[in-house]
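Please walk through this protein with the coordinates open beside the text. The account goes from strand pairing to rings, sulfur links, backbone exceptions and a pocket.

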Amino acid sequence: PHSGARTMLPLLLLLLAAAHGLDDLPALKAPVLANSSLGGQITTSTFVLEQPRCVFKNVPEDTVIWLVVADPSAVPDFNNSVEPGGPGREFQQFLNGSFAYMTLNTTILNYPCPKNPGDITVLRVGSETSCATDKARPTCNGPLPGPGPYQVKFLALNGSKPVAQTAWSEPITLKKAQPSGSISVLGSGHSAGMIALTSILSILFAILLAGLLAMLIWGLDASSGSSTFSKPEAVTVRRYNTHHAYDQPAARL
């Protein structure tokens, strides 16, 4: 009986490891945000990561690298063996039934080390809007549903087998959309000044326009009073015969 128990113990440990997604994999360098000089590093629904260049080494060329995005509450018990896009990993159910999803899959060949000079080696998380509600694409890289925070890691799968992983990132919090009401309150002093200036300019413009119209009307009245128009006299030409132009007898004929 004791020998049978000793035989079952390694098998039980192996099954437990598989059930927890081989979390005993060494944790490689954690993902980091892209350089802050990059425009739009963090928005209200996206953030930008550095690609995992020179992170995964000694893995087969057909290894697929996935990005895992998770609510911090899902990090301690995350199971690496759950299929990407499977139940509990759908983007469309994120934070509404599932607390992690997997996206941005690509082979290790697309993360060469070292990077080529001039390459932009970043990944924008949350950039796809076309598939955000498409349940046929559960690995969509859709806009994040709120400010977070979120934690991410890269997971390498050879087929369906996890072969390498990074550590989880530090929590990433997105920008919050500013309520429209607060915008007017924050800019009320500036807005009031602009309104006053606009009102003054409008009044001055109206006065100027009224003055110009008055001058125009006065000028028309003055010109009509000093001018006289006379009807030109008809020019008549009296016809007469010169008595010396022909001899009288011939004329009477």
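In the predicted model, Ala27 has Gln165 of β7 as its bridge partner. This contact belongs to the pairing of β1 with strand β7, residues 161-166, which is parallel and rests on 2 bridges. The two strands are part of an open sheet of 5 strands, arranged in the order β1-β7-β6-β3-β4 with mixed pairing. At the edges of this sheet are β1 (27-28) and β4, each of which pairs on one side only.

Strand β3 can be taken next, with its two partners. Towards β4 there are 6 bridges, and the two strands run antiparallel. One residue to look up here is Val68, whose bridge partner in β4 is Met102. Strand β6, residues 151-158, is also antiparallel to β3, and 7 bridges join the two. In that pairing Val69 has Val152 of β6 as its bridge partner. Is β3 enclosed by the rest of the structure or open to the outside? Of its 7 residues, 6 are buried, so β3 is largely enclosed by the rest of the structure. In a regular strand, side chains alternate between the two faces of the sheet.

The aromatic rings come next. A pair of rings is described by the distance of the centres and the angle of the planes. The whole structure holds 4 aromatic pairs. In one of them, the ring centres of Phe91 and Tyr101 are 5.1 Å apart and the planes stand at 80°, so the pair is edge-to-face; the cut-off for that class is an angle over 60 degrees. This pair links distant parts of the chain, since Phe91 lies in the loop between β3 (64-70) and β4 (100-107) while Tyr101 is in strand β4, 10 residues apart. Phe91 counts as buried because its relative accessibility is 7%, and Tyr101 is buried with a relative accessible area of 0%. Tyr101 also pairs with Phe94, again edge-to-face, at 4.9 Å centre to centre and 70° between the planes. Phe94 and Tyr101 are both buried. Which residues do the ring pairs link into a cluster? The cluster consists of Phe91, Phe94, Tyr101 and Tyr150.

The sulfur links can be read in the same way. The structure has 2 disulfides, and with the bonded cysteines numbered in sequence order the pairing is 1-2, 3-4. Cys54 and Cys113 form one disulfide, with sulfur atoms 1.7 Å apart. The angle about its S-S bond is 100°, and the link is right-handed. Cys54 is in the loop between β2 (47-50) and β3, and Cys113 in the loop between β4 and β5 (122-125), so the disulfide ties together parts that are 59 residues apart in sequence. Both ends count as partly exposed: Cys54 has a relative accessibility of 34%, and Cys113 has 46%.

The other disulfide joins Cys131 and Cys140, whose sulfur atoms are 2.0 Å apart. The torsion about this S-S bond is about 75°, so this disulfide too is right-handed. Cys131 and Cys140 are both buried.

Some backbone geometry remains to be noted. Cys113 is followed by a cis peptide bond to Pro114, with omega near -5°; Pro114 lies in the loop between β4 and β5. A cis peptide bond also joins Gly148 and Pro149, where omega is about 15°, and Pro149 is in the loop between β5 and β6. Cys54 has a positive phi, near 60°, although it is a residue other than glycine. Leu95, which is not a glycine either, has a positive phi of about 65°. Leu95 lies in the loop between β3 and β4 and counts as partly exposed because its relative accessibility is 34%.

The last topic is empty space. Rolling a probe the size of a water molecule over the atoms shows where such space is left. The largest pocket has a volume of about 230 Å³. It is lined by 15 residues, and the closest to its centre are Lys29, Glu50, Gln51, Pro52 and Arg53. How many residues of the lining are nonpolar, polar and charged? The lining has 8 nonpolar, 3 polar and 4 charged residues.

Conventions: Residues are numbered from 1 along each chain as its sequence is written. Side-chain values use heavy atoms; hydrogens and water are left out. On a 1 Å grid over the protein atoms alone, a cavity is a set of points where a 1.4 Å probe fits but cannot get out, and a pocket is an open set with protein on both sides within 12 Å along at least five of seven lines; lining residues have an atom within 4 Å of a point. Grid points are joined across faces, edges and corners, and a volume is the space filled by probe spheres set on the points. Ala, Val, Leu, Ile, Met, Phe, Trp, Tyr, Cys and Pro count as nonpolar, Asp, Glu, Lys and Arg as charged, and the others, Gly among them, as polar. Rings of Phe, Tyr and Trp (its six-membered ring) pair if their centres lie within 6.5 Å; planes under 30 degrees apart count as stacked, over 60 as edge-to-face and the rest as tilted. Helices (H or I, at least four residues) and strands (E, at least two) are DSSP runs, numbered from the N terminus. Buried means under 20% relative accessible area, exposed over 50%, partly exposed in between (1.4 Å probe, protein chains only). Two strands pair if DSSP finds at least two bridges between them. A disulfide is a pair of cysteine sulfur atoms within 2.5 Å.
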